[in-house]
Amino acid sequence: MGDWSMPVGSLGEEVVARLCELLDNAGRGWRKLAELAGAEKRFKCSAEELEMCSLKVLEPRGSPTQCLLQLLAERDCTLRYLLGCLERMGHEQACRVLSSAVQDVIRIMVQPESQVVAEGTQVSLTCNATGPPGLAYQWFCGRQEVPGATSPELVIDTAASAGQPEWYICRVNCGATFTFSRWAHVQVEKSSSPSSGSGYCSTMAGLQILRQPRPCCLAEGDTLALECRAIGNPPPQYQWFRNRRPLEGAQAPQLQVKLVTTAERGSYSCRVFNLFHEVWSQEVDVEIATDKVALLIGNMHYLHHKQLQAPVVDVHALGALLSQLDFKVVSLLDLCKAEMQMAVDEFLLLLDQGVYGLLYYAGHGYENFGNSFMVPIDAPSAYTSEHCLCVQWVLREMQQRRTGLNIFLLDMCRKRNLNDDIIPQVGALEVTANIVFGYATCADAEAYELSQGELSNGIFVTFLKRWLLEDEKITVLLDKVAEDMGTLEITRGRQALELRSNLSERRALTDPICPPGQDESSARNLQWAKAHVLPESRHLCFDCGVTIQLGFAAEFSNIMIIYTRVVAAPKDITKCEARLTDIPEELDVDLKFTNKESPEELGSPLVPIWSLSCPPCCLYSRICGLQKLRVRAMVGRGWCRAQRDRGHARTGAHVLVSLQQELAFTVCLQYRYQGMDDFVEERQRVNVGRPLIAKLNLQASPSPPHSPLFSSIPGSWGLVESSWVNTPEENLSPESPSSHTL
């Protein structure tokens, strides 16, 4: 049976030619194949690549299908995936051609090994392959055929080639189908004494590792492949170790584990040895990507600084794109310092070993002494690091969670803050080789917004969203963003993306994920899901016979749209409408943006997106700052049974009870009967619980009234006022705060 895991590039010329004959047409041909293959992002061809394929018809022997297959081969497309695409096309003839070819695929099972040998000895190279009957072998030295070397084993007499390194390779073929082995390097050392005739080269330094294993990050179900290649005389032997313990049966140059799980996480190394020497490979980490989590913060409506326009659009655009890449996204607007701190704390709860963590911040910011600071909306006019959140502190906390990748996209200015001469002590950072910083601008420079009518985009996100879905190493992706930003004439010499990274292996935002254990992943999923639960739509029935639908839509994790709609009314009622009143004062609710007859009147640039899910003929209200629903402390008389059940001693008649504030409001129905001029009013109180981000309690617990009665109560009860904001990128000069709009 053939090996369907082989790459497309292993197909023989005859098979490729036959597929080209069948698919070089405009019907069920190569374009349809490209469309179906593009269902997986890494195989999706760009418009330029498809045009390149189509232009092959102008060449004498050109073939669009051959060009497409070459593109798929370069992206490591397997024969199994290609067959699946052909089956979905319904092209039975092409499927038969491919299936027949796979049965005849030649696969080399034993590769020749590089060796160092002493002059005058014989060395043996072996190449064994499987495939159709009648396999033929031919050995080459460089580009020259070795006369008579037509068997799986090649014996080389080194007497005449001392000191001349030679490279050998074996071709295995069956008819016109063929494949080549790996190159094997044979180094012959001159003997320095008669004793070297024993076959051991006394002048060689010992074993030499030619190829070191490389670290990798996989998803559960992938195949782990590590390789360690060495040369020596006698030929080297191998033993693989995980976490410094030998792996049973792992005694070949290549270590392969199929269908990996989190049990395969760890540090791997290989012991290479022979009769005389022993060397160890470098130790590499193998991580299993278990999840991808993103926290997006946009601060716009600053209390004491220039307000920004772009963050609302930028945060929403990035959130939508990252969700397509299977990131768990929490997006928040307009946060004060306490809320930013609590949001980061909740973000850290979603992280774990191997998880990819991404933090995007858009708003005012600055950089002092190599540390970057995010400015909350409640920062005073002359703010310092005490009023802001340090990015390097967030990084240190993420490292303690043993994350697989730490990405920071900072869409803010990096000017020096002359009001702040304190060097914060954030603690030592670990050397983890998995950190990527993408700054919207260079050090001591500003970041800009790009005005486009009613919408504003930050320069950084304008170009970032073009590349975010590409299957590229994250540093390569950001390099492309930087190149694109450099083409914008209006910011040339004023804003340029800066990339800082110590990433040592290929890791991309498109890397697949598969949660680890059910208990671990379910806890993380539950924590994330809390911030995305909307109240269920409900119907309110009034005494007059009118039925009102109350519906909900999310704009961000802390901004919710509430709409009311009349779904049934008695015939004698000619006009009625339901309005929201008595909304909690803590929330950022502008009465100008409540009970509007059209979504466009709410003043949100994202109306075209969320309004698609809302029915017509409604009154709309935009509720912001849901994180401000806080935990309240209440003082009362009497003994609390819950306290007694928990074993607390009775210390007096007063008890402190902590209550979570829920979102409650009044629906006011105004209606008029036929033939009457005056309106009649009915009211219903509605409680929708703690929607979206409110469930995570980003507010600090409030303090009780100052009283000796509470002097013995443990815990911290500091009262913190809060407010949220969003902003993308802008210069924030401590001397004269200013917004830069292009």
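Start with the whole chain, colored by burial. Of the 742 residues in this protein, 51% are buried. The model is predicted. Switch to the surface view. About 35,000 Å² is exposed, and carbon and sulfur atoms supply 49% of that area.

Now show the cartoon. The protein has 14 helices and 40 strands. Turn on contacts as well. Among contacts with a separation of 6 or more, 72% join residues 24 or more positions apart.

**Stop 1: helix H1**

Select residues 13-23, which form helix H1. Show side chains. Val15, Val16, Leu19, Cys20, Leu22 and Leu23 are buried. Look down the helix axis. The buried residues of H1 fall within an arc of 165°, so they line one face of the helix. Then turn to the other side of H1. Glu13, Glu14 and Glu21 are exposed there.

**Stop 2: a nonpolar patch**

Select Leu55, Val57 and Leu58. Together they make a nonpolar surface patch of about 320 Å². Where does Leu55 sit? Leu55 lies in the loop between helix H3 (47-54) and helix H4 (64-74). Leu55 is partly exposed, at a relative accessible area of 43%.

**Stop 3: the cysteines**

Select the cysteine sulfurs. How many disulfides does the structure hold? The count is 0. Zoom in on Cys45. Its nearest cysteine sulfur belongs to Cys53 and is 6.1 Å away, and Cys45 is in no disulfide. A disulfide here requires two cysteine sulfur atoms within 2.5 Å, so a cut-off is what to keep in mind at this stop. Is Cys45 buried or exposed? Cys45 is buried, with 11% relative accessibility.

Move to Cys617. Cys617 is in no disulfide either; the nearest cysteine sulfur, from Cys618, is 7.1 Å away. Cys617 is exposed, with 72% relative accessibility.

**Stop 4: two positive phi angles**

Check the backbone next. Most residues other than glycine have a negative phi. Two residues to select here are Asn243 and Leu692.

Asn243 is not a glycine, yet its phi is positive, at about 50°. Find Asn243 in the loop between strand S15 (237-242) and strand S16 (245-246). Asn243 is partly exposed, with a relative accessible area of 44%.

Finish at Leu692. Its phi is also positive, near 50°. Leu692 belongs to the segment after strand S40 (680-687). Is this residue, Leu692, buried or exposed? Leu692 is buried, at 2% relative accessibility.

Terms used: Residues are numbered from 1 along each chain as its sequence is written. This is a predicted model: local features need pLDDT of at least 70, side-chain atom pairs count only at pLDDT 80 or more; totals for chains, interfaces and linings use all residues. Side-chain values use heavy atoms; hydrogens and water are left out. Buried means under 20% relative accessible area, exposed over 50%, partly exposed in between (1.4 Å probe, protein chains only). Patches are made of residues with over 30% relative accessible area and no salt bridge: like charges are joined within 9 Å, nonpolar side chains (Val, Leu, Ile, Met, Phe, Trp, Tyr) within 5 Å. Accessible areas come from the Shrake-Rupley method with a 1.4 Å probe; for residues, only the protein chains shown count as cover. A salt bridge is a side-chain nitrogen of Lys or Arg within 4 Å of a carboxyl oxygen of Asp or Glu. Helices (H or I, at least four residues) and strands (E, at least two) are DSSP runs, numbered from the N terminus. The arc is that of the directions from the helix axis to the C-beta atoms. Contact means heavy atoms within 4.5 Å.
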